[in-house]
Amino acid sequence: MQPRVPVEAFVGLGANLGEPEAQVRRAVAALGKLPRTRLLAASSLYRSAPVGVGKQPDFINAVAKIETTLSARELLEELLTAEARFGRERPSPGAPRTLDLDLLLYGDEVIAEPGLAVPHPRMHERAFVLMPLAEIAAETSIPRKGSVRTLLAACRGQQIQKVDAP
């Protein structure tokens, strides 16, 4: 088996339980310790209100850019394992969480498999993903959706506040 060529991928991070800022910072560091993966960049932290999930605490969000030789499926499994290590429970969809790690982009691939959708299906509609992504990779394009800058401009009405640098 030949070694995989490294792929640049983007991971969305979010938390709204416990100490969200600390959780997200620790999770960014943990991404660089995943097997066959290197952390390339991390955005500042951003505070945003929950979207479509009822009343719960605000989220702290960030985006990390990594380079990996893991397949998209292997990377997703590593992200789910990391969430569990950080105490993530899944009592119901949209429930508050200690950590959420979303595989946003995997190179320029479009993947639609059971349990794995890349690009992340709603990332192009969410300022809490697009703003931190634009901070570290403004020239990025989301396959079949458009440029991050253009998509972010369409989300201007969404409230998001920069907390600080990573």
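Helices here are DSSP runs of H or I with at least four residues, strands are runs of E with at least two, and both are numbered from the N terminus. With that in hand, Arg97 can be placed: this residue sits in the loop between α2 (72–85) and β5. We will come back to Arg97 after a look at the whole chain, keeping in mind that this is a predicted model.

**The overall fold**

Four helices and ten strands make up the secondary structure of the protein. Their order along the sequence is β-α-β-β-β-α-β-β-β-α-β-β-α-β. The protein has a radius of gyration of 15 Å, close to the 15 Å that the globule rule gives for 166 residues, so it is as compact as a globular protein of that length. If you rotate the C-alpha trace onto its principal axes, you will find that it spans about 50 × 35 × 30 Å.

Contacts tell us how the chain comes together. Taking those with a separation of 6 or more, 68% are between residues 24 or more positions apart.

**Surface and charge**

Buried residues account for 47% of the 166 in the protein. The exposed area comes to about 8,600 Å², and 52% of it is supplied by carbon and sulfur atoms. As for charge, there are 21 positive and 19 negative side chains. The centres of these two sets lie 2 Å apart.

**A mostly covered helix**

Helix α3 covers residues 127–137, and nine of its eleven residues are buried. Which residues of α3 are buried? They are Ala127, Phe128, Val129, Leu130, Pro132, Leu133, Ala134, Ile136 and Ala137.

The loop between β7 (116–118) and α3 holds Pro119. This proline is worth a look on your screen, as a cis peptide bond joins Val118 and Pro119, with omega at about -5°.

**A buried polar pair**

Now back to Arg97 and its partner. Asp100 belongs to strand β5, which runs over residues 100–106. The side chains of Arg97 and Asp100 make a polar contact of 3.2 Å. Are these two residues buried or exposed? The cut-off for buried is under 20% relative accessible area. Asp100 has a relative accessibility of 13% and therefore counts as buried. Arg97 is buried as well, because its relative accessible area is 11%. The contact thus joins an arginine from a loop to an aspartate from a strand.

**Two arginines with positive phi**

Two further arginines stand out for their backbone angles. Arg36 has a positive phi although it is not a glycine, and Arg144 also has a positive phi in a residue other than glycine. The table sets out their values.

| Residue | Phi | Loop | Relative accessible area |
|---|---|---|---|
| Arg36 | about 55° | between α1 (20–31) and β2 (37–42) | 48% |
| Arg144 | near 70° | between β8 (141–142) and β9 (146–147) | 74% |

How do the two fare for exposure? A residue is exposed when its relative accessible area is over 50%, and partly exposed when it falls between that and the buried range. Arg36, at 48%, is therefore partly exposed. Arg144 is exposed, because its relative accessible area is 74%.

Terms used. Residues numbered from 1 in each chain as written. Predicted model: local features only at pLDDT ≥ 70, side-chain atom pairs only at ≥ 80, totals over all residues. Heavy atoms only, no water. Rg over C-alpha atoms; globule rule 2.2 N^0.38 Å. Buried < 20%, exposed > 50% of the residue type's maximum accessible area, 1.4 Å probe, protein only. Contact = heavy atoms within 4.5 Å. Areas by Shrake-Rupley, 256 points an atom, 1.4 Å probe, with all protein chains shown as cover. Lys, Arg positive; Asp, Glu negative; His and termini not counted. Charge placed at Lys NZ, Arg CZ, Asp CG, Glu CD. Polar contact = N/O pair within 3.5 Å; in protein donor to acceptor, adjacent residues only side chain to side chain.
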